[in-house]
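I opened my notebook for a new chain today and jotted down what I looked up, in the order I got curious about it. Pull up a chair and follow along.

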Amino acid sequence: MSQPEKITCPHKTVATRAGLGWIGKNCLLVTSQYGPAVRISSLLTNAPLECNKAIDVSRCGECRVCVEHCPARALKGTLWNTGVQREDIVNVEECYKKQNEIMYEHTGIEKDLCGKCFAMCVYAQKHCTQ
């Protein structure tokens, strides 16, 4: 029996293809109901499951809350669509650098953790204030 072909696909991409959400200006998966306050995993199957229509474009519109609150100024304000690369949305190096700086300043631990773009998202705010 041969090994199945290994498929590499980010969970966020799988989620957009399944119609669960879109990629926000913060480069996170954003859902209408919970914003980026979701954790996802992927399972590939040929089971006859009903799917939503794939989401191919951002629904962030003119909103720039996450961009304006990014302490690293790493978010570029780019609206995602299926052809946009991560580098067009976020400067990953600047993001990680600032995350490490903030965490070390507050805890003495060198770890990349910030979360401003997550916490400030208007979709997350809707969910967190209910």
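The entries below go from the overall fold to salt bridges, backbone angles and pockets.

**Entry 1: the overall picture**

I remind myself before anything else that this is a predicted model. I started with the secondary structure, and the chain has six helices and two strands. Reading from the N terminus, I get the order α-β-β-α-α-α-α-α. For the dimensions I took the C-alpha trace, which spans about 50 × 35 × 30 Å along its principal axes.

Next I checked burial. The chain has 130 residues, and 26% of them are buried. Its accessible surface comes to about 9,400 Å², and carbon and sulfur atoms account for 52% of that.

I also wanted to know how contacts spread along the sequence. Taking those between residues at least 6 apart, I find that 56% join residues at least 24 apart.

**Entry 2: salt bridges**

How many salt bridges does the structure hold? I count three.

I went to Asp56 and Arg17 to begin with, where the closest N and O atoms are 2.7 Å apart. Asp56 sits in the loop between strand E2 (29–30) and helix H2 (65–69), while Arg17 belongs to helix H1, so this salt bridge ties together parts that are 39 residues apart in sequence. Both partners turn out to be partly exposed: Asp56 has a relative accessible area of 36%, and Arg17 has 35%.

The other two took me to helix H4. Glu94 pairs with Lys97, with the closest N and O atoms 3.6 Å apart. These two are three residues apart in H4, which means about one helical turn separates them. I noted Glu94 as partly exposed, at 31% relative accessible area.

Further along, Lys98 meets Glu101 in a salt bridge with an N to O distance of 2.9 Å. Here too the spacing is three residues within H4, or about one helical turn. Lys98 is partly exposed at 23%, and Glu101 is partly exposed as well, at 41%. I put Lys98 beside the cut-off to be sure of its class: buried means under 20%, so 23% does not qualify.

**Entry 3: two backbone angles**

I then scanned phi. Most residues other than glycine have a negative phi, so positive values are worth a look.

Cys27 is one that I wrote down, with a positive phi of about 65° although it is not a glycine. I found Cys27 in the loop between strand E1 (22–23) and E2. Is Cys27 buried or exposed? Its relative accessible area is 9%, so Cys27 is buried.

Arg73 is another non-glycine residue with a positive phi, near 55°. Arg73 also lies in a loop, between H2 and helix H3 (86–89). Its relative accessibility is 73%, so Arg73 counts as exposed. I like having these two side by side in the notebook: Cys27 is buried, whereas Arg73 is exposed.

**Entry 4: the largest pocket**

Now for the empty space. The largest pocket holds about 820 Å³. It is lined by 29 residues, and those closest to its centre are Asn26, Cys27, Leu28, Gln99 and Cys117. That brings me back to Cys27, the buried loop residue from the previous entry.

Which elements give two or more residues to this lining? They are helix H1 (11–17), helix H4 (92–107) and helix H5 (116–120). H4 supplies the largest share, five residues. H4 is also where I found Glu94 and Lys97, along with Lys98 and Glu101.

I sorted the lining by class too. It divides into 19 nonpolar, four polar and six charged residues.

**Entry 5: the second largest pocket**

How much space lies in the second largest pocket? I have about 380 Å³ down for it. The lining has 17 residues, and Val14, Ala18, Leu43, Leu49 and Cys51 lie nearest the centre. By class I get ten nonpolar, five polar and two charged residues.

**Entry 6: what I would reopen**

If I come back to this predicted model, I will start at Cys27, which has a positive phi and is among the residues closest to the centre of the largest pocket. After that I will return to Asp56 and Arg17, the pair that links a loop to helix H1.

Methods. Residues are numbered from 1 along each chain as its sequence is written. This is a predicted model: local features need pLDDT of at least 70, side-chain atom pairs count only at pLDDT 80 or more; totals for chains, interfaces and linings use all residues. Side-chain values use heavy atoms; hydrogens and water are left out. On a 1 Å grid over the protein atoms alone, a cavity is a set of points where a 1.4 Å probe fits but cannot get out, and a pocket is an open set with protein on both sides within 12 Å along at least five of seven lines; lining residues have an atom within 4 Å of a point. Grid points are joined across faces, edges and corners, and a volume is the space filled by probe spheres set on the points. Helices (H or I, at least four residues) and strands (E, at least two) are DSSP runs, numbered from the N terminus. Ala, Val, Leu, Ile, Met, Phe, Trp, Tyr, Cys and Pro count as nonpolar, Asp, Glu, Lys and Arg as charged, and the others, Gly among them, as polar. Buried means under 20% relative accessible area, exposed over 50%, partly exposed in between (1.4 Å probe, protein chains only). Contact means heavy atoms within 4.5 Å. Accessible areas come from the Shrake-Rupley method with a 1.4 Å probe; for residues, only the protein chains shown count as cover. A salt bridge is a side-chain nitrogen of Lys or Arg within 4 Å of a carboxyl oxygen of Asp or Glu.
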